[in-house]
Amino acid sequence: MDEGGAKKVVSFRGVTENVGRYNFQNKTVLIPEMNRVGGHLLAATFRSFGIHAKVMATYRGNDLGKEYTSGKECYPCLITTGDILYFMKRESERLGEAFNAEDYLYFMPESDGPCRFGMYNKYQRIILNSFPEFRNVRIGALTTEDGYSLAGIIEQERVGDLRKASYFSVIVADILDRSLWRIRPYEKEPGMADDFIERSMRSMEDAFERYGARKDFEGILDKLDEILEEGKTIIDPKIPPKPLVGIVGEIYLRTHVHANQDLIRVLERYGAEVVNASIAEWINYTTYDRLREAKVSCLLNLKMLKPARVKEDLRKILGYGAELAYQQARQKKIYKRAWSSLDVAEDHRVSHLEHILEEEDIYSFSAGTEACLSIPGIIAYAREGFNGVVNVYPFTCMPSTITSAIVKPLMNKLKIPYLDTPYDDSFQPGRESTIRTFMYQATQHFNRRGRKMPTRALASAA
Ligand code: SF4
């Protein structure tokens, strides 16, 4: 009872306790697998900084995920809940008495809204708390609120290096993924590209473990050159170019091959070459958006004559501005280097995407979410000469439903084939025939209008 006699029946402390930004050292850091290559390269980067990081097996704990969710949560929440429960249960069985939940830190970033991504880790906290033996597993939650700052997770003087190396790993993983999509539709023998990407991921993991903390990025790029040169030899030059299909959508679904039922492979089976939106695009967007917000706030505080706040805003503008400039310069440099070996698809600039939205006047960065990237991303694909676009997302996903509602009439006007592919964990019997029909339309478009120029030609024309 409190002093007023009212009894406190609900406490929300359990939701926020053991969730936050913690020191990653001396813990086993558990990374959920979203896009396979990216997860493994990030874990390798962490390991090079002395953090014991590992990527958890994914999609094996879906029964557990379903048992501990109600069906109303986003599909990625169900999958990641299953992943962490499956891992912890197996780990406690394996170690028996020696198992100690405090040894683990589950890495689950969040966004500050407005959709449900900010709630995954709170919800998963409640679930972990319902198992007494898992209550002390901490959840390491980096947030978009500060542009995924890594402050506090290792010694302060190494935070900047870790951030740079982690960002580097994101770009390299994007390029490896893009090399797979560039090569696989034209491989000399079936299976060569899959084998190539698995081996490449492993040797890149070694490179990041060895060179990441030393910031020997040249060493990593030398390895990337070797990999891409090998990849080029898998392409059969006798196979003519195929219709080019762009993918946008919710980041987890579009990169998690189990969750999207291997959509890219299915599209390829029906004759496509595919380019998926990158992971770096989202990282750049979070930095870009913090910078944009700081500018808006600065103008407002200037008008309201609040000098202390203006000073704080200027500090943020400088900080986020420098970070964005670094990220973009780094990204450009790595892509240029990759293009000297293989013409992987180039990436969209966030400022360019915002410009498209302003031009078309159909959505605003002020409204936030992934729709800010997907809507202009679709238009960019259309303008660049892609032959079709697919929007992939979890069933009921808020930003992707907005995207779909806005772009459908536009795509009709532009006469570009467009397909929505919402997923949950069920198999929809009509899915494959829908994709086949879409690919028929994309092929018609390709036959009539041709397709986008190869990236290298674009780069040299620039
Ligand atoms: S983007 Fe979609 S799936 Fe992801 S948290 Fe938001 S609403 Fe859920």
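These are numbered notes on a predicted model, covering its sheet, salt bridges, cysteines and a few single residues.

1. **The sheet.** Four strands make up an open sheet, in the order β7-β6-β8-β9. The pairing is parallel. Its edge strands are β7 and β9, each of which pairs on one side only. From one strand to the next, the twist averages 25°. As background, strands of a sheet pair through backbone hydrogen bonds, either parallel or antiparallel.

2. **The β6/β7 pairing.** Strand β6 covers residues 244–249 and pairs with β7 in the parallel sense. Four bridges hold this register. For a reference point when viewing, take G246, which stands opposite V275 in β7.

3. **Faces of β7.** Which way do the side chains of β7 point? E273 and V275 point one way from the strand, and V274 and N276 point the other way. All of these residues are buried. The strand itself spans residues 273–276.

4. **The β8/β9 pairing.** Strand β8, residues 388–394, pairs with β9 over six bridges. The sense is again parallel. Here V389 stands opposite Y418 in β9.

5. **T421 in β9.** T421 lies in edge strand β9. Is T421 buried or exposed? T421 has 0% relative accessibility, so it counts as buried. Leaving aside residues up to four places away in sequence, T421 touches L263, V390, N391, V392, Y393 and R431. Of these contacts, V390, N391, V392 and Y393 fall within the residue range of β8.

6. **Helix α15 over the sheet.** Helix α15 lies across β6, β8 and β9. Relative to β8, α15 runs at about 160°.

7. **K408–D420.** A salt bridge joins K408 and D420, with the closest N and O atoms 3.2 Å apart. K408 lies in helix α15 (residues 398–414) and D420 in strand β9, so this pair ties together parts twelve residues apart in sequence. The two ends differ in burial. K408 counts as partly exposed at 42% relative accessibility, whereas D420 is buried at 15%. The cut-off for buried is under 20% relative accessible area, so D420 falls on the buried side.

8. **Salt bridges overall.** How many salt bridges does the structure hold? The count is 36. Some share partners: E33, R36, R47, E198, R202, E205 and E209 are joined into one network in this way.

9. **K66–D425, a long-range pair.** The side chains of K66 and D425 meet in a salt bridge, at 2.7 Å from N to O. Where do the two partners sit? K66 is in helix α3 (residues 62–67). D425 is in the loop between β9 (418–423) and α16 (431–449). The pair links distant parts of the chain, 359 residues apart. Both ends are partly exposed: K66 has a relative accessible area of 41%, and D425 has 29%.

10. **E229–K232, a pair within one helix.** This salt bridge has its closest N and O atoms 3.3 Å apart. Both residues lie in helix α8 (residues 217–234). They are three residues apart, about one turn of the helix. E229 is partly exposed, with a relative accessible area of 35%. K232 also counts as partly exposed, at 33%.

11. **Cysteines.** How many disulfides does a search of the whole structure find? Zero. For C77, the nearest cysteine sulfur is that of C74, 6.9 Å away. A disulfide needs the two sulfur atoms within 2.5 Å, so C77 is in no disulfide. C77 is buried, with a relative accessible area of 3%. C372 is buried too, at 0%.

12. **E359.** E359 sits in helix α13, residues 350–360. E359 is partly exposed, with a relative accessible area of 47%. The side chain of E359 is joined to that of R383 by a polar contact of 2.7 Å. P376 is 17 residues from E359 along the chain, and their C-alpha atoms are separated by 10.0 Å.

Technical notes
Residues are numbered from 1 along each chain as its sequence is written. This is a predicted model: local features need pLDDT of at least 70, side-chain atom pairs count only at pLDDT 80 or more; totals for chains, interfaces and linings use all residues. Side-chain values use heavy atoms; hydrogens and water are left out. A salt bridge is a side-chain nitrogen of Lys or Arg within 4 Å of a carboxyl oxygen of Asp or Glu. Helices (H or I, at least four residues) and strands (E, at least two) are DSSP runs, numbered from the N terminus. Buried means under 20% relative accessible area, exposed over 50%, partly exposed in between (1.4 Å probe, protein chains only). Two strands pair if DSSP finds at least two bridges between them. Contact means heavy atoms within 4.5 Å. A polar contact is a pair of N or O atoms within 3.5 Å; within protein, one must be able to donate a hydrogen and the other to accept it, and residues adjacent in sequence count only if both atoms are side-chain atoms. Axes are lines fitted to C-alpha atoms, for helices over the stretch in contact, and angles run from 0 to 180 degrees between N-to-C directions.
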